[in-house]
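Reader: I would like each label in this model explained by the value behind it. Please begin with the strands.

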Amino acid sequence: NLAIDFKNGKNIPDLKGKILTAIFSNPSLRTRLSFESGMKKLNGDVNILNSSDSWEFEYEDAVIMNGSKQEHIKEVAKVISRYTDLIALRKSDLMTKSSFATVSDSWEQLKKDEGINQLAKYADRPVINMESNMFHPCQATSDMMTIQEKLGIFKNKKYVLTWAPHPKALPLATPHSQMLLPAIMGMDVTVACPEGFELDSDVIDLAKSRGGKVVYQHDQKKAFQDADVVVAKSWASLKYFGKWEEESEYRKKFMNWTVDSQKMSLTNNAFFMHCLPVRRNVVVTDEVLDSKNSIVIDEAENRMWAQMAIITKLLEQN
Ligand code: CP
């Protein structure tokens, strides 16, 4: 609601003198620019630190630092806390720049989200997750703002998060948050995916423990029936996590999961959403992405307003 107020030009606070430091271990367009623009609209300032321009951070406690990592997150967090009022981190360890995904740790290790949790533990300022291994909360918050703008209500609205094809195995943070938040906010959530692409069961359990209604549907067309919102996203198969050649071969079997007009015609005239970046005619057809029901650009814009609200609330509490 506060984000929608801001978008309507109401109640925007003056954060002159306040500084956000945003640390990026991974590429970004929307997250980086929406935080920068949002902080400027609040009259505050932003420091951007690309981790490739800095020392390599050690996140684990009680290790002998005689390898490649030069600086511990304990000092990093405390030093940045002296320069700044808020700290934000993007750290996703599933690297997808090469043709295959690469990651040295198991999913059980990655899902501990050591990076963001260690930063939060040692920082003396509020910490914002700009995408970790498990969650992308700013994306989901912006998505909910967008749905509120378009539908007005959440309760009893059918929300379909559909897996989609992609040439690479992508992280699970965004779909986790895109399942969790609408479920907590009272939408009827269907996760449509091929077998083997189920989300982490702990996140499903978390949604249910907060009263969320979440079901799986492995038949994409059945899932789309009567949907009010369709959110497309690709993600890696946890069943084949780490066995990337097998994962790639398995994923190729589901190239027919592209969202197209015929599938959208099964819905209740649903809005189409995607967090972007999106691969046209792989994840979704041009026809759907360019249709009047596609709200992906509003969704991207709302990253800025929603994050302005998050920043404002965190500074009020601190
Ligand atoms: N949706 C999203 O987080 O976009 P970026 O990766 O470009 O920041």
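Reader: How do you know that strand E7 and E10 pair?

Author: Strand E7 (residues 158–163) runs parallel to E10, and five bridges join them. Two strands count as a pair if DSSP finds at least two bridges between them, so five bridges meet the rule. One of the bridges sets Leu-161 opposite Val-231 of E10. The model is predicted, so local features need pLDDT of at least 70 and side-chain atom pairs pLDDT 80 or more, while totals for chains, interfaces and linings use all residues. Residues are numbered from 1 along each chain as its sequence is written, and side-chain values use heavy atoms, with hydrogens and water left out.

Reader: What makes a stretch a strand at all?

Author: The names follow DSSP runs, numbered from the N terminus: a strand is a run of E with at least two residues, and a helix a run of H or I with at least four.

Reader: Which strands make up the sheet that holds E10, and in what order?

Author: The open sheet has five strands in the order E9-E8-E7-E10-E11, with parallel pairing. Its edge strands are strand E9 (213–217) and E11, each of which pairs on one side only. From one strand to the next the twist averages 20 degrees; the axes are lines fitted to C-alpha atoms (for helices over the stretch in contact), and angles run from 0 to 180 degrees between N-to-C directions.

Reader: Which partners does the sheet give to E10 and E7 on their other sides?

Author: E10 is joined to strand E11 (residues 271–273) by three bridges, in parallel, and Val-231 stands opposite Met-273 there. E7 pairs with strand E8 (residues 188–192) over five bridges, again in the parallel sense. Here Lys-158 faces Asp-188, and Leu-161 has Val-191 as its bridge partner.

Reader: Why is E10 called largely enclosed?

Author: Buried means under 20% relative accessible area, exposed means over 50%, and partly exposed lies in between, with a 1.4 Å probe and protein chains only. Five of the five residues of E10 (residues 229–233) are buried, so the rest of the structure largely encloses the strand. Val-229, Val-231 and Lys-233 point one way, Val-230 and Ala-232 the other way, and all are buried. In a regular strand the side chains alternate between the two faces of the sheet. In E8, four of the five residues are buried, and that strand is mostly covered.

Reader: Is His-176 buried or exposed, and what decides the label?

Author: The relative accessible area of His-176 is 0%, which means that it is buried. The residue is part of helix H7 (residues 173–184).

Reader: What makes the approach of His-176 to Met-134 a polar contact?

Author: A polar contact is a pair of N or O atoms within 3.5 Å; within protein, one must be able to donate a hydrogen and the other to accept it, and residues adjacent in sequence count only if both atoms are side-chain atoms. The His-176 side chain reaches the backbone oxygen of Met-134 at 3.0 Å, so the distance falls inside the limit.

Reader: What label does Asp-219 get, and on what value?

Author: Asp-219 is partly exposed, because its relative accessible area is 32%. It sits in the loop between E9 and helix H9 (220–224). A polar atom of its side chain lies 3.2 Å from the backbone nitrogen of Lys-222.

Reader: Which residues surround the ligand?

Author: Those near it, with a heavy atom within 4 Å: Ser-28, Leu-29, Arg-30, Thr-31, Arg-90, His-136, Gln-139, Cys-275, Leu-276 and Arg-303. By class, three are nonpolar, four polar and three charged. Ala, Val, Leu, Ile, Met, Phe, Trp, Tyr, Cys and Pro count as nonpolar, Asp, Glu, Lys and Arg as charged, and the others, Gly among them, as polar.

Reader: How do you know which of these residues make polar contacts with the ligand?

Author: Ligand oxygen atoms lie 2.9 Å from a polar side-chain atom of Arg-30 and 2.6 Å from an N or O atom in the side chain of Thr-31. A ligand nitrogen is 3.1 Å from a polar backbone atom of Cys-275. Taken alone the ligand exposes 250 Å², and the protein buries 91% of that; these areas come from the Shrake-Rupley method with a 1.4 Å probe, and for residues only the protein chains shown count as cover.
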